Amino acid sequence: MTFSRLTKSDLSVRLDQALSSEQGRLLKTAADLATLQHLPLYIVGGFVRDLLLGRPGLDFDLVVVGDVIGLARTLAARQGGRVTVHSKFKTAQWFPPPGEGLPGFVDFITARAEIYKHPAALPTVKPGTLIDDLRRRDFTINALAIRLDGLHYGELSDELGGLEDLEAGILRTLHSQSFQDDPTRLFRMVRYQARYGFNIAPETLALIPGGLLQINHLSAERVRHELDLILEEENAASILKRLEKLGILESVHPALEWNQVIQKRFEKGLNAEQDLSHSPSRRTLAWALWLMDVPSSGLVGVEKRLHFDSALRDMLQAASTLVVQAGSLTGKKPSQSVAALDKIPLKAVQAVTLGLPAGATQQVLRNYLESWRVIKPKTTGYDLKKRGLPPGPEYKTLLRKLRAAWLDGEIKTPEQEAALLDKLIKSVG
Ligand code: CTP
């Protein structure tokens with residue numbers, strides 16, 4: 001069925017089918033309360049888009065024409081859970097009591113118009129109509145709404161051409177200032193393009209250069225959030241390729257490159273992720289596979305622009321150093337490689353292992369991850385104390401020597417370890 005032929009009853013059936021009984025009950029409760037309070041209530045944005053595309057999600061964005069905060073508070077008072085309110089933006093988040101398949105929270109927004117005082121800044125808002133609320137959004141396909149209250153249940157609001165564009169697979173901004181107001185929409189556009197295989201409308205393509213000029217005004221958090229979302233996408237590699245082509249990556253920071261070598265490493269590394277036990281999260285791994293050959297000095301600039309958290313920052317720096325130095329490990333004894341690798345965050349070693357081509361260097365890292373890392377002597381500090389050795393830095397040295405002997409194959413049994421320990425203690429004494 002084409003979207004344009006969808007009737008109100010088709011849509012209510014689609015809604016009912018897409019929602020589990022618990023999810024349906026959650027929305028129905030909100031809708032019943034809105035009906036009682038004579039407040040038009042709509043579900044908008046990504047949920048509607050994905051419902052029509054046959055891939056409904058759990059992202060419930062609800063728009064109320066009227067007092068959203070009162071509605072959310074009454075809902076929580078009746079149904080339980082808690083509400084947080086953002087009075088300035090007239091929005092509320094309801095965290096319903098946990099239930100199977102329920103979202104962690106539901107966003108309630110007062111229908112509003114937005115005014116951008118400066119490009120790339122957060123807008124000021126004033127209450128408005130549903131159409132005002134849809135008009136302030138990014139793309140026509142995200143400006144569709146389905147009404148939920150009372151007899152209106154299932155009514156589609158398509159005032160801005162979203163349905164036609166969804167059907168034709170077209171990404172189109174709602175006005176010519178869209179990217180300048182909010183350049184994060186450039187990232188969102190490319191993400192949707194790859195996710196749905198859509199095309200960009202020619203007049204929207206023509207707006208890209210104006211948006212690029214505003215990217216440097218975006219805060220670190222907003223750009224990083226967009227890149228984080230992209231790295232979670234199945235088609236992350238093609239999105240990054242497209243961002244590079246459009247000049248978006250360079251506008252974020254010149255050290256953010258994308259080319260065939262990176263792409264190959266990135267795709268191969270993410271596909272092989274399951275080869276490693278306890279591998280880093282997909283997002284962390286993706287960052288490292290992308291940036292591991294950016295030299296340390298370039299990474300400092302990227303980190304300044306994107307404000308990574310300290311764990312990711314240290315991991316990326318370590319991965320970048322390891323990529324350069326890993327080749328020298330092939331000529332070393334296992335104990336020497338272990339001494340070097342133990343100093344590096346484990347996630348960095350894992351990422352570099354997945355990023356390197358198969359060969360001797362990768363094998364050293366694999367050996368480390370799969371066996372050397374956990375090889376430890378049987379002797380403990382407690383045993384050394386029992387042997388009458390005074391506690392001190394010597395303990396560490398002795399245990400390290402025992403571990404090295406195991407790693408390098410000089411000892412293979414606990415008896416041999418005991419004999420070596422005797423010898424080492426004698427030489428200390
Ligand atoms: N939105 C917007 N401009 C932005 C971010 C969001 O207009 N920069 C609007 C869009 O209408 C979008 C809605 O807010 O549909 C919700 O935003 P979000 O949850 O980020 O996006 P989704 O559409 O749910 O898409 P995704 O599948 O990427 O989560």
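**View 1. The shell around the ligand, sorted by residue class.** In this predicted model, the shell around the ligand is made up of ten charged residues, four polar residues and one nonpolar residue. Of the 15 residues around the ligand, those that come nearest are R49, R137, D138, D182 and R191.

**View 2. Polar contacts of the ligand.** Two of the contacts shown here involve oxygen atoms of the ligand: a backbone N or O atom of G46 lies 3.3 Å from an oxygen atom of the ligand, and an N or O atom in the side chain of D59 is 3.0 Å from an oxygen atom of the ligand. A nitrogen atom of the ligand, in turn, has a polar side-chain atom of T184 at 3.5 Å. On its own the ligand has 560 Å² of accessible area, and the protein covers 76% of it.

**View 3. The pocket and the helices beside the ligand.** The ligand sits in the largest pocket. Helix 3 (46-52) and helix 8 (184-196) are the elements that give two or more residues to the shell around the ligand, and helix 8 gives the most, with six residues.

**View 4. The ligand and the domains of the protein.** The domain assignment divides the protein into domain 1 (3-168), domain 2 (171-252), domain 3 (256-374) and domain 4 (381-428). Where does the ligand lie with respect to domain 1 and domain 2? Because domain 1 (3-168) and domain 2 (171-252) both give residues to the shell around the ligand, the ligand lies between them. As for domain 4, its C-alpha centre and that of domain 2 lie 59 Å apart.

Key. Residues are numbered from 1 along each chain as its sequence is written. This is a predicted model: local features need pLDDT of at least 70, side-chain atom pairs count only at pLDDT 80 or more; totals for chains, interfaces and linings use all residues. Side-chain values use heavy atoms; hydrogens and water are left out. A residue is near a molecule or strand if one of its heavy atoms lies within 4 Å of it. A polar contact is a pair of N or O atoms within 3.5 Å; within protein, one must be able to donate a hydrogen and the other to accept it, and residues adjacent in sequence count only if both atoms are side-chain atoms. Accessible areas come from the Shrake-Rupley method with a 1.4 Å probe; for residues, only the protein chains shown count as cover. On a 1 Å grid over the protein atoms alone, a cavity is a set of points where a 1.4 Å probe fits but cannot get out, and a pocket is an open set with protein on both sides within 12 Å along at least five of seven lines; lining residues have an atom within 4 Å of a point. A molecule sits in a cavity or pocket if more than half of its atoms lie within 2 Å of its grid points. Helices (H or I, at least four residues) and strands (E, at least two) are DSSP runs, numbered from the N terminus. Ala, Val, Leu, Ile, Met, Phe, Trp, Tyr, Cys and Pro count as nonpolar, Asp, Glu, Lys and Arg as charged, and the others, Gly among them, as polar. Domain bounds come from an automatic or database domain assignment.
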